[in-house]
2 protein chains.
Amino acid sequence: MSIKIQKTFEALFELEEIRGIFREAVPTGLNAEEEAALQKKITELKAIIADLEAGTGTPKVTKIAGTLNVRSREEQYINIHPIQAAGRLTDEARKALISYGDGYSTCDFCRKPFRLDKITRPSIADFHEDLAKWLNMDQARVVPGARRGFQAVTSTLVNKGDSVIVSALAHYTEFLAVEGAGGIVKEVPLNDKNIVTAEATADKIEEVKTETGKLPVLVMIDHYDYQFANEHEITAIGKVAHQYDIPFLYNGAYTVGVQPVDGKKIGADFVVGSGHKSMASVAPSGVLAINDDFAPKTLRTTAMVGDLTKRKFGIKEVELLGCTLMGGTLLSMMASFPTVKERVLHWDEEVKKSNYFIDALLRVEGSKVLSEYPRKHTLTKVDTTGSYDTVAQTHKRRGFFFSDELTAHGIVGEFAGATRTWKLNTYGLNWNQVHYLADAFTEIAEKYELPVQKEKIQPNPV
Amino acid sequence: MSIKIQKTFEALFELEEIRGIFREAVPTGLNAEEEAALQKKITELKAIIADLEAGTGTPKVTKIAGTLNVRSREEQYINIHPIQAAGRLTDEARKALISYGDGYSTCDFCRKPFRLDKITRPSIADFHEDLAKWLNMDQARVVPGARRGFQAVTSTLVNKGDSVIVSALAHYTEFLAVEGAGGIVKEVPLNDKNIVTAEATADKIEEVKTETGKLPVLVMIDHYDYQFANEHEITAIGKVAHQYDIPFLYNGAYTVGVQPVDGKKIGADFVVGSGHKSMASVAPSGVLAINDDFAPKTLRTTAMVGDLTKRKFGIKEVELLGCTLMGGTLLSMMASFPTVKERVLHWDEEVKKSNYFIDALLRVEGSKVLSEYPRKHTLTKVDTTGSYDTVAQTHKRRGFFFSDELTAHGIVGEFAGATRTWKLNTYGLNWNQVHYLADAFTEIAEKYELPVQKEKIQPNPV
């Protein structure tokens, strides 16, 4: 780790220990002993900052709690990990986390009716309204990950043996959410371009109807899938679902938080997004937005009455199990939200950067892009079997040579040793970083004398 | 906020902005512009630290992301909030959170078989084994809050119309977990001391059997309840459950993380704990531990097969929806764990401090303790209707006078304006702070000329 980055972490950690001193004191202030401890820590802190300024010194802290490495991948490297890119915290989210990390930190001013989304201080109630409005939906709730949003919906709508339409590229959490509710997934086939079409969805619905004698109870489709990040015919699929009067869940795990999403325009009954995947938030976090047709059922409040005490728990929502993200996770979402709202407006620029990098990769002869091309997303599946992997055949480090080279160039996030067909994500990199990334890939190719075209070339057919 | 605390936060925030500069740079280092930005921030940081050292200056940062207040309750005040006390982060957890806050931060080195609890770097796999061992159970998983642990169990064991035995003091999340699974709660009555006994549990099981013709499918009882934090006959209740061959869930939301819990000794089939309530962790977090009898069923892996693609998702666990806490929440649990393991060994001392404070409160004539007494827990329900609330009758601020006084003494966490019968928690306060707290309550009484006994008195009968 660069010594400046190292010293930045050491300064942060020293300040957390200073906070610890205040936490052990009585409210009237520090006693002599505590004051001495504080001054000692400030002296240490100043030495750390002198090192940070000068770029000098040696690492003093390398472990947290004795065993955990300091994670500095985002500071040290360019990280092209397929699922991490858009979940990186904003500066403000990191500040919020520092301030609101403690357990039930959202509950300082919880008042009747005692539900997370009703709390006004901090402005959690407003955030929920803003979230719904931003997605152009009627209601929104935060959930511990997109998967818990799927679960709330399947648990509400799906009974034992019911069919649920998903895509042939559906994420495993959709499978599990259907399985947990006792339902059965029915996959819509892809066309020859690996796209889920509205027509294929309609055909699948008909097929299920014929086979089972019943319509599916839910259509749940990813706008962009997790494998290729291809764009599927989401709005037309929503229309098909509605023609059959089947509720439609829009899986926005790869869109909500990176590009504009308009639930009403899409015709979504449910919009699900992921906080840690695409909204610059701490895991596990996410959003479930619902339209007025389905909100009463999905967000039904508890009807259970204690047989003996006759207790009832008011407006607690069954599918959410009451409150969901009662601390730092939610505050990270809230603190990132202004940035997130702004950044979705610049999605075009992110796609440009994605294509810039993919074009550079394709100039290395033998490289292929398995996702649709030109890219409409920052996540891409590539195939470097015919380019970089040809080196692996004879290199003593085999497939690891490529990861070694990437690391040497300060690039991480690939799947070490598994870089024939693999996924990467350029989301959030600035142009300097994207240029650096593209140049690094070119340099590695040139080092191993792989042919590199000077001009942009069209990708090989998949 | 004290200026020193204010400046501590400002220094932390400045360092997060410094991190932001590194994050925008290429791996080879900062360019001239970035270096200039860094030096500017370091200059600002040094000025903040000079103020921190001298206790001078004025607040420069009062909001995060433009709208969120800086939360400094734990630094500024003594916080006796009933559910926040044992969820306060340790210094190490706050460091871990700084380092691992980003979205999917646990997934850097995720390898086959691609499941959170199998990850070895950071040492998540070991942590899971340690957790199970520490609770003396066979398997452990992390979950987004204790409620999600209840849900995994009820969803596995409870079918429509099944009865589940809970206590007459059961937490609402137990009601919701049963309701979500389609079951019905059956409450065990309390004895005259507000204790759930084994005998009453057996009677209730018999009653359910007679009424419904079927045994309950689960007994789910809190070791200490959320209302009084009275200790219930948990081990004997476990025995009763087993005599009827009914699985037994030990709700340790108020024990796991603050006192030793031995699942086998208790006879628990399931132990559920809360990270943000009692394990010094970020919300939502918790643990579900299971013995070998019930692990295969509760932790069953997915059996769903894509009808078209024949895809299967290997060892992903249905009830957990695959991975659970993929980032900072889990790392906060892990970083606090060494401290948590140590602190449970000093539970006796925490109970002593609890009783010390309650004794002081009881010396203010008319005060009552509604929980069992002497206290066996740090959470206590008190009744100050006959003491402090007599002042409220004539005070122009009515019931708020008491909150005003507490705040003036640097004490927070009471429920402002609702302090007749109310709950407080002394967990984690050191003796200095407990003495301060007791003295503050006495001072407030004396200020309003409430009679205060010099000697320890027995509480009024409830």
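A residue counts as buried when its relative accessible area is under 20%. The model on screen is predicted, and the tour starts at a residue to which that cut-off applies.

**Stop 1: A:Ala146.** Select A:Ala146, in helix α6 of chain A, which spans residues 146-157. Its relative accessibility is 8%, so A:Ala146 counts as buried. Show what surrounds A:Ala146: beyond residues up to four places away in sequence, it touches A:Val272, A:Gly273, A:Ser274, A:Ser285 and A:Gly286. An unreviewed UniProt entry lists A:Ala146 under "binding site", together with A:Arg147, A:Asn251, A:Ser274, A:Gly275 and A:His276.

**Stop 2: A:Gly275.** From that UniProt list, take A:Gly275 next. A:Gly275 sits in helix α11 of chain A, residues 275-278. With a relative accessible area of 0%, A:Gly275 is buried. Its contacts, leaving aside neighbours within four places in sequence, are A:Ala280, A:Ser281, A:Ser285, A:Gly286 and A:Met333. A:Ser285 and A:Gly286 should still be on display, since they are among the contacts of A:Ala146.

**Stop 3: A:Lys277.** Stay in helix α11 and select A:Lys277. The unreviewed UniProt entry gives this position the feature "modified residue: N6-(pyridoxal phosphate)lysine". Is A:Lys277 buried or exposed? A:Lys277 is buried, at a relative accessible area of 6%. Not counting residues up to four places away in sequence, A:Lys277 touches A:Ile83, A:Ala86, A:Gly87, A:His171, A:Ala253 and A:Tyr254 in chain A, and also B:Tyr104. Follow B:Tyr104 into the other chain.

**Stop 4: the contact between the chains.** Colour by chain. Chain A contributes 139 residues to the contact and chain B contributes 139 residues. About 12,100 Å² is buried between chain A and chain B, with carbon and sulfur atoms giving 60% of that area. Select A:Tyr104, A:Met304 and A:Leu321: they supply 7% of the area that chain A buries against chain B, more than any other three residues.

Now turn to charged pairs. How many salt bridges are there between chain A and chain B? The count is 22 salt bridges. For a salt bridge to look at, select A:Asp108 and B:Arg73, where the closest N and O atoms are 3.2 Å apart.

**Stop 5: the axis.** Superpose the copies: a turn of 180 degrees with a shift of 0.0 Å along the axis lays chain A on chain B with an RMSD of 0.0 Å. That is the relation of a two-fold axis. To find the axis from chain A, select A:Leu12, whose C-alpha is the nearest to it in that chain, at 3.0 Å. Both copies use the same surface, and 100% of the contact residues of chain A recur in chain B.

**Stop 6: the nonpolar core.** The largest nonpolar core has 236 residues, and A:Phe248 and B:Phe248 have the most contacts inside it. Centre on B:Phe248. Among the residues that B:Phe248 touches, not counting those up to four places away in sequence, are B:Val219, B:Ile221, B:Ile234, B:Ile237, B:Ile266 and B:Phe270. B:His242 and B:Asp269 are also among the residues in contact with B:Phe248.

**Stop 7: B:Gly386.** Finish in the loop of chain B between β12 (379-383) and α15 (388-392), where B:Gly386 is found. At 41% relative accessibility, B:Gly386 counts as partly exposed. Leaving aside neighbours within four places in sequence, B:Gly386 is in contact with B:Glu365 and B:Gly366. For a last distance, draw a line between the C-alpha atoms of B:Gly386 and B:Ala295: the two are 91 residues apart in sequence and 51 Å apart in space.

Conventions. Residues are numbered from 1 along each chain as its sequence is written. Chains are lettered from A and ligands numbered from 1 in the order in which they are written. This is a predicted model: local features need pLDDT of at least 70, side-chain atom pairs count only at pLDDT 80 or more; totals for chains, interfaces and linings use all residues. Side-chain values use heavy atoms; hydrogens and water are left out. UniProt positions are given in the numbering used here, feature names are shortened, and annotations may be inferred rather than shown by experiment. Helices (H or I, at least four residues) and strands (E, at least two) are DSSP runs, numbered from the N terminus. Buried means under 20% relative accessible area, exposed over 50%, partly exposed in between (1.4 Å probe, protein chains only). Contact means heavy atoms within 4.5 Å. Copies are superposed by least squares on the C-alpha atoms of residues with pLDDT of at least 70 in both. A nonpolar core is a set of buried Ala, Val, Leu, Ile, Met, Phe, Trp, Tyr and Cys residues joined through side-chain atoms within 4.5 Å. Buried area is the accessible area (1.4 Å probe) that two parts lose on being put together, summed over both. A salt bridge is a side-chain nitrogen of Lys or Arg within 4 Å of a carboxyl oxygen of Asp or Glu.
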